[in-house]
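Biologist: I should like to learn how to read the features of a model, one at a time. May we begin with the exposure of a single residue?

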Amino acid sequence: MGLIRSHTAEGLLLVDLAGQEKSLAHDRISAQTTLATSLMPMGLDMTMSEQELCDLVAWLCSRK
């Protein structure tokens, strides 16, 4: 499971949940599904200070 960083003729470059890049050949991919919901646990924002939440959003935006 991961975020697709790029598509190539050889396969996909993914970034996994730990932030590590992984290359997968097309013949190793059995299914590709887009999640309808966020991977962020529900209520996580309630455990963070306003500054921590702003920092998280800024970091997520920088990853696009």
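Biologist: Is S62 buried or exposed, and why?

Modeller: The model is predicted, and its exposure values are computed from the atoms. A residue is called exposed when its relative accessible area is over 50%. S62 reaches 53% relative accessibility, and therefore counts as exposed.

Biologist: Where does S62 sit in the chain, and which backbone atom lies 2.6 Å from a polar atom of its side chain?

Modeller: S62 belongs to helix 1, which covers residues 50-62. A polar atom of the S62 side chain lies 2.6 Å from the backbone oxygen of W59. As for a distance across the chain, S62 and T8 are 54 residues apart in sequence, with 23 Å between their C-alpha atoms.

Biologist: How should I read the loop between strand 3 and helix 1, for instance at T34 and D45?

Modeller: Take exposure together with distance. T34 lies in that loop and is exposed, because its relative accessible area is 74%. Its C-alpha atom is 9.6 Å from that of L3, although T34 and L3 are 31 residues apart in sequence. D45 is also in the loop between strand 3 and helix 1; with 37% relative accessibility, D45 counts as partly exposed. The C-alpha atoms of D45 and L56 are separated by 9.6 Å, at 11 residues apart along the chain.

Biologist: How many disulfides does the structure hold?

Modeller: A disulfide is a covalent bond between the sulfur atoms of two cysteines. This structure holds 0 disulfides.

Biologist: Why is there no bond from C54 to the closest cysteine sulfur?

Modeller: The cut-off for a disulfide is a sulfur pair within 2.5 Å. The closest cysteine sulfur to that of C54 is in C61, and at 11 Å it is too far for a bond. The reverse search gives the matching result, since the cysteine sulfur closest to that of C61 is in C54, at 11 Å. C61 is exposed because its relative accessible area is 52%, whereas C54, at 43% relative accessibility, counts as partly exposed.

Biologist: How is empty space to be read, and what is the volume of the largest pocket?

Modeller: Rolling a probe the size of a water molecule over the atoms shows where empty space is left. Here the largest pocket holds about 1200 Å³ of space. Its lining has 30 residues, of which G2, L3, V15, L17 and L39 are the closest to the centre of the pocket.

Biologist: Which elements supply at least two residues of that lining, and how does the lining divide by residue class?

Modeller: Strand 1 (2-7), strand 2 (11-16) and helix 1 each contribute at least two residues. By class, the lining comprises 17 nonpolar, 8 polar and 5 charged residues.

Biologist: Finally, what is the mean pLDDT of the chain?

Modeller: The mean pLDDT is 88, and 98% of the residues reach 70 or more. Among the elements, strand 3 (residues 21-25) has the highest mean pLDDT, 92, and strand 1 the lowest, 88.

Technical notes
Residues numbered from 1 in each chain as written. Predicted model: local features only at pLDDT ≥ 70, side-chain atom pairs only at ≥ 80, totals over all residues. Heavy atoms only, no water. Helix = DSSP H or I, 4+ residues; strand = E, 2+ residues; numbered from the N terminus. Buried < 20%, exposed > 50% of the residue type's maximum accessible area, 1.4 Å probe, protein only. Polar contact = N/O pair within 3.5 Å; in protein donor to acceptor, adjacent residues only side chain to side chain. 1 Å grid on protein atoms, 1.4 Å probe; cavity = no way out; pocket = protein on both sides within 12 Å on 5 of 7 lines; lining within 4 Å. Points joined across faces, edges and corners; volume = space filled by probe spheres on them. Nonpolar A, V, L, I, M, F, W, Y, C, P; charged D, E, K, R; others polar. pLDDT = per-residue confidence, 0-100.
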